[in-house]
Amino acid sequence: MSRRGGGPVTRRRPGYLADLAGGTGRFFEPRSPRCPWCGSAELRPRLRTVDLFQRKPGRFTLDECGRCGHVFQNPRLNPAGLEFYYRDFYDGLGEEELEKLFAGQPKVYRWRAELMLPYADPRGWLDVGTGHGHFCGAAREVWPRARFDGLDMSAGVALAAERGWVDRAHRGQFTELGPGLAEGYDVISMFHYLEHTTDPLAELQTAFKVLRTGGHLLIEVPDPACRWNRLLGRYWVGWLQPQHLQLIPLANLRGQLTGLGFTVRASGPVRAHYPYDLLVAVWLGLNQVAPHDDRPWYRKPPGRLARLVRGATFVLGAPLMVMAGLIDRFARPANGPGWAAAYWMIASKD
């Protein structure tokens, strides 16, 4: 999950150092005194952490609402902060590795598409937060008569159109593009999208407007009630700081959808995904203790000794990673109540 040196890193370094010259404080909004979901002032810290994936500078706090259980980043990143911390994660330096990760999940994408089999026969499907369009490409095998459109903020959605995985690519904010898409789709899917948004309530309102009457909304999000986040602390992959701004309890999402006029048809824990909570936790721990790899947000590249120590750390940690992967795969109660890292929900606009 790292990339060394050479041209791309060196070319990006001056820009990153200029962005960091004044510190990271300018990347955050003022701290909110109230829960963005229910408005309660009963807040308590749930997690304090750093960027464990890219190791970009900054410290991040997640607060939990004592009334509704909503977990949210507080203070939250502002637009400049979102741009800074997303840069080179899904695109740029991180694009090749994320592409491999997303391309390696065809069974997951098919499982997601098959969730709709009991509820709809869609002709128009919009995948919001589609990234490079891997889901749409796989879902066509389940729904060959459907038109699949993709929407995303990144340039990856254009690549999805070039590959023929989406019929039409929409680039931008869903809440801004929504009026032009009103009542245009039988299904809208949001797979691990809502947790990245600054205002998930507005996203759900937009989805209600864009769906045709009788259409369905399919959502998958991390579950903040998952027991692994208590056991693994900051090393639970579902926290994904600083990208994840909101973690929504299942009851909260159900209540909000009902309040908007949706009828919730079904929900449940995600069981199709390959379990990797422990494996990623071990990798994050090793990545944090090892000397950093060469990244453009560091003032200078690591020396030869630092590179050797980093390599040795992961070599020595390899047996632990193998063991964690085996436990993830075979020995943990992955499908038991409360252990799934995410949940799904299907709601209809009647």
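A residue is called buried when its relative accessible area is under 20%, and exposed when that area is over 50%. The legends below use these terms for a predicted model.

**Figure 1. Overall view of the predicted chain.** The secondary structure consists of 12 helices and 11 strands. The C-alpha atoms occupy a box of roughly 65 × 50 × 45 Å along the principal axes. The radius of gyration is 20 Å, which agrees with the value near 20 Å for a compact globule of 350 residues. Of these 350 residues, 53% are buried. Among contacts with a separation of 6 or more, 74% join residues 24 or more positions apart. The chain exposes about 15,800 Å², of which carbon and sulfur atoms supply 56%. The chain carries 45 positive and 34 negative charges, and the mean positions of the two sets lie 6 Å apart.

**Figure 2. Close-up of helix α10, residues 250-260.** The buried residues of this helix are Asn 252, Leu 253, Gln 256 and Leu 257. These residues lie on the same side of α10, because they cover an arc of only 125° around the axis. An α-helix has 3.6 residues a turn, so residues three or four places apart point the same way. The buried residues of α10 pack against helix α8 (200-210) and against the strands β8 (211-222), β10 (262-269) and β11 (342-349). On the other side of α10, Ala 251 and Gly 259 are exposed. Gly 261, just after the helix, adopts a positive phi of about 110°.

**Figure 3. Close-up of Ser 40 in the loop between α1 (6-20) and β1 (43-50).** Ser 40 has a relative accessible area of 1% and is therefore buried. Beyond its neighbours within four places in sequence, Ser 40 is in contact with Pro 33, Arg 34 and Cys 35, as well as with Cys 65 and Arg 67.

**Figure 4. Close-up of Leu 62 in strand β2, residues 59-65.** Leu 62 has a relative accessibility of 0% and so counts as buried. When residues up to four places away in sequence are not counted, Leu 62 touches Arg 44, Pro 45, Arg 46 and Leu 47, together with Val 71, Phe 72 and Gln 73. Trp 239, Gln 241 and His 244 also touch Leu 62.

**Figure 5. View of the separation between Leu 62 and Leu 117.** These two residues are 55 residues apart in sequence. In space, the C-alpha atoms of Leu 62 and Leu 117 are 37 Å apart.

Definitions and conventions
Residues are numbered from 1 along each chain as its sequence is written. This is a predicted model: local features need pLDDT of at least 70, side-chain atom pairs count only at pLDDT 80 or more; totals for chains, interfaces and linings use all residues. Side-chain values use heavy atoms; hydrogens and water are left out. Helices (H or I, at least four residues) and strands (E, at least two) are DSSP runs, numbered from the N terminus. The radius of gyration is taken over C-alpha atoms; the globule rule is 2.2 Å times the number of residues to the power 0.38. Buried means under 20% relative accessible area, exposed over 50%, partly exposed in between (1.4 Å probe, protein chains only). Contact means heavy atoms within 4.5 Å. Accessible areas come from the Shrake-Rupley method with a 1.4 Å probe; for residues, only the protein chains shown count as cover. Lys and Arg count as positive and Asp and Glu as negative; His and the chain ends are not counted. The place of a charge is taken as NZ of Lys, CZ of Arg, CG of Asp or CD of Glu. The arc is that of the directions from the helix axis to the C-beta atoms.
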